[in-house]
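Trainee: Could you take me through one part of this model closely? I would like to follow it step by step.

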Amino acid sequence: MNAAYYLLAVCAGLGITLQTTLNGQLAKGVGGDSVAAALFSFTAGAVCLGIFSLMRGGIWASLAAIPAQPWWSLLGGLLGAGALLSYVVLAPKIGLSALLGLAIAGQITSSLVIDHLGLLAAVERPVSAVKLGGTIMMLAGQTIALFGDRLTAHYSH
């Protein structure tokens with residue numbers, strides 16, 4: 001196990017929170033246009049990836065291989081754009097903690113199914129009862145963290 005990979009994953013999560021916050025501010029700055037904010041954000045990211053790809057080298061061979069890929073493998077960008085747009089739209093409506101907590105719940109659930117079944121050519125990693133139990137506990141904790149104040153307020157009246 002490489003601890004650096006786990007640290008990088010935590011940093012990616014921090015980045016998503018910061019990205020969501022910054023994109024929300026960008027949407028406000030462009031007159032509340034969430035679609036324009038998402039477009040500007042994706043464009044900035046695409047430009048950075050393009051520059052990095054050119055500096056690293058080998059981009060032309062990778063681009064030439066794109067037509068040979070299964071059509072569904074290209075949906076990642078569409079799903080990413082949809083996720084980013086939904087984050088920009090939902091963050092001001094439900095708050096960052098609820099948005100990202102619920103998004104993480106969706107990610108955990110779908111990742112377990114994908115791992116367990118080996119869907120979309122992913123490596124099959126069977127989900128054990130212990131792992132499933134831990135996931136249920138984690139989701140229960142998220143539910144308490146996200147909605148606990150409402151539950152306690154409801155019962156304290």
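Mentor: Let's start with Ser 110, which counts as partly exposed because its relative accessibility is 36%, between the 20% limit for buried and the 50% limit for exposed. Keep in mind that this is a predicted model. Ser 110 has its place in helix 5. From its C-alpha atom to that of Phe 40 there are 28 Å, and the two residues are 70 apart along the chain.

Now look at what helix 5 packs against. The axes of helix 1 and helix 5 come within 11 Å and cross at roughly 135°. The contact is made by Ile 16, Thr 17, Thr 20 and Thr 21 on the helix 1 side, and by Leu 96, Leu 99 and Leu 100 on the helix 5 side. Given that angle, helix 1 and helix 5 are therefore oblique to each other, and the crossing is right-handed.

Helix 5 also helps to cover helix 4. Buried residues of helix 4 are Leu 84, Tyr 87, Val 88 and Ala 91, and their cover includes helix 1 (3-29), helix 2 (34-56) and helix 5 (96-117). Val 88 has a second role in this picture: helix 4 bends there by about 25°, with a proline, Pro 92, following within four residues. You can check the length of helix 4 too: its 20 residues (75-94) should span 28 Å at 1.5 Å a residue, which agrees with the 27 Å between its end C-alpha atoms. Just after helix 4 comes Gly 95, with a positive phi of about 90°.

Definitions and conventions: Residues numbered from 1 in each chain as written. Predicted model: local features only at pLDDT ≥ 70, side-chain atom pairs only at ≥ 80, totals over all residues. Heavy atoms only, no water. Helix = DSSP H or I, 4+ residues; strand = E, 2+ residues; numbered from the N terminus. Expected span 1.5 Å × (residues − 1). Bend = angle between axes of the 7 residues up to and from the residue. Buried < 20%, exposed > 50% of the residue type's maximum accessible area, 1.4 Å probe, protein only. Contact = heavy atoms within 4.5 Å. Axes fitted to C-alpha atoms, helices over the stretch in contact; angles between N-to-C directions. Parallel < 35°, antiparallel > 145°, perpendicular 65-115°, else oblique. Left-handed = near helix turned anticlockwise from the far one by under 90°.
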